[in-house]
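Please walk me through this protein, beginning with its main pocket and then turning to the sheet and the helices. I am new to the structure and would like to see how its parts are arranged.

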Amino acid sequence: MLILLPPSETKRSGGVGISIDKAAIIWAALDPARDVLLKKLATLSKSKSKTVKALKLGKNPDADIASLKELLTAPTMPAIERYAGTLYDALGYQALSPAGKERAKEKLFIQSALFGLLPATEQIPYYRLSTNSTLPGIDLKKHWTKAHVAVWPRMLGPILDLRSKSYAALNPIPEREHYTVEVLDAQSGKALNHFNKKAKGAFVRAALEHGLESVDQIPQIAKLAGLSARQSGSVIELIVPTNF
């Protein structure tokens with residue numbers, strides 16, 4: 001079973017390995033779409049004020065703007081290590097067993113606003129671009145939906161979609177077997193925010209360590225992550241207990 005994750009606005013800087021101008025990212029079918037965005041960001045970065053507005057950067061944007069000028073030659077690291085924050089901390093890629101890391105390589109994908117769908121271990125540079133960004137002349141949803149028409153058929157098997165709503169909308173899954181994950185509080189039954197990310201990370205960690213092959217295994221995997229799960233059609237509800 002394939003697993004889709006959102007990226008994180010929080011990213012680790014630096015990296016080692018080869019830059020993306022020296023090694024192609026998987027799925028050449030996405031290269032034209034990636035190139036358009038890379039060129040747009042390079043042009044945008046020439047104006048600090050426009051970049052800050054378009055990418056909604058904070059009070060100290062200089063390092064982020066400088067990184068946009070060096071995207072093609074910057075050091076890289078696996079996407080699953082590049083992204084940080086609550087979800088990725090709970091997933092804990094570095095502490096996975098060798099079998100868990102191998103499953104991550106084969107089964108785990110991350111939706112990037114800049115690079116499209118990425119295998120979790122694909123090497124990427126530090127960057128700033130999200131679904132909330134506004135690049136001149138670009139509708140990111142139309143851009144990526146069209147670009148992925150040739151990619152979805154290459155992803156074999158059912159899909160478990162843990163992307164946030166904004167990233168799921170950026171690149172909708174076509175008609176095929178897939179399940180959307182919602183995270184709910186056990187007491188109130190309401191959707192969660194912070195614990196949403198923690199629960200997703202813990203669930204994916206359990207899925208990678210123990211192997212998730214079909215939707216029927218989800219309750220068992222959820223239990224191993226300290227959660228419970230129930231299915232309603234194509235929606236999987238992860239239930240977060242008190243004091244999770």
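Helices, of at least four residues, and strands, of at least two, are DSSP runs that are numbered from the N terminus. With those names in hand, it should be kept in mind that the model is a predicted one.

The largest pocket has a volume of about 730 Å³, and of the 34 residues that line this pocket, the closest to its centre are Arg163, Ser164, Lys165, Asn196 and Lys200. Helix α5 (86-91), helix α8 (165-170), strand β7 and helix α9 are the elements that each give two or more residues to the lining, and the largest share, six residues, is the contribution of β7. Sorted by class, the lining of the largest pocket holds 14 nonpolar, 13 polar and seven charged residues.

Strand β7 also has its place in an open sheet of seven strands with mixed pairing, where the order is β4-β3-β1-β6-β7-β9-β8. Because β4 (116-119) and β8 (228-232) each have a single partner strand, they stand at the edges, and one side of each is left without a neighbour in the sheet. From one strand to the next, the twist averages 30 degrees. Within this sheet, β1 (residues 2-5) and β3 (residues 108-112) run parallel and are joined by three bridges, and Leu4 has Phe109 in β3 as its bridge partner.

Helix α9 (residues 194-210), already met at the pocket, lies across β1, β3, β6 (159-161), β7 (178-185) and β9 (235-240), and its direction is at about 130 degrees to that of β7. Helix α9 has a helical neighbour as well, for its axis and that of α6 (residues 98-107) come within 7 Å and cross at roughly 105 degrees, which means that α6 is roughly perpendicular to α9. On the side of α6 the contact is made by Ala99, Gly100, Arg103 and Ala104, and on the side of α9 by Ala207, Leu208, Glu209 and His210; by class, four of these residues are nonpolar, two polar and two charged.

A further pair of helices is formed by α1 (residues 31-44) and α7 (residues 140-147), which pack at an angle of about 155 degrees with their axes 9 Å apart. Since angles over 145 degrees count as roughly antiparallel, α1 is therefore roughly antiparallel to α7. Here Ala33, Arg34, Val36 and Leu37 in α1 meet Leu140, His143, Trp144 and Ala147 in α7, and the residues of this contact divide into six nonpolar, one polar and one charged.

Note on methods: Residues are numbered from 1 along each chain as its sequence is written. This is a predicted model: local features need pLDDT of at least 70, side-chain atom pairs count only at pLDDT 80 or more; totals for chains, interfaces and linings use all residues. Side-chain values use heavy atoms; hydrogens and water are left out. Two strands pair if DSSP finds at least two bridges between them. Axes are lines fitted to C-alpha atoms, for helices over the stretch in contact, and angles run from 0 to 180 degrees between N-to-C directions. Contact means heavy atoms within 4.5 Å. On a 1 Å grid over the protein atoms alone, a cavity is a set of points where a 1.4 Å probe fits but cannot get out, and a pocket is an open set with protein on both sides within 12 Å along at least five of seven lines; lining residues have an atom within 4 Å of a point. Grid points are joined across faces, edges and corners, and a volume is the space filled by probe spheres set on the points. Ala, Val, Leu, Ile, Met, Phe, Trp, Tyr, Cys and Pro count as nonpolar, Asp, Glu, Lys and Arg as charged, and the others, Gly among them, as polar. Angles under 35 degrees count as roughly parallel, over 145 as roughly antiparallel, 65 to 115 as roughly perpendicular and the rest as oblique.
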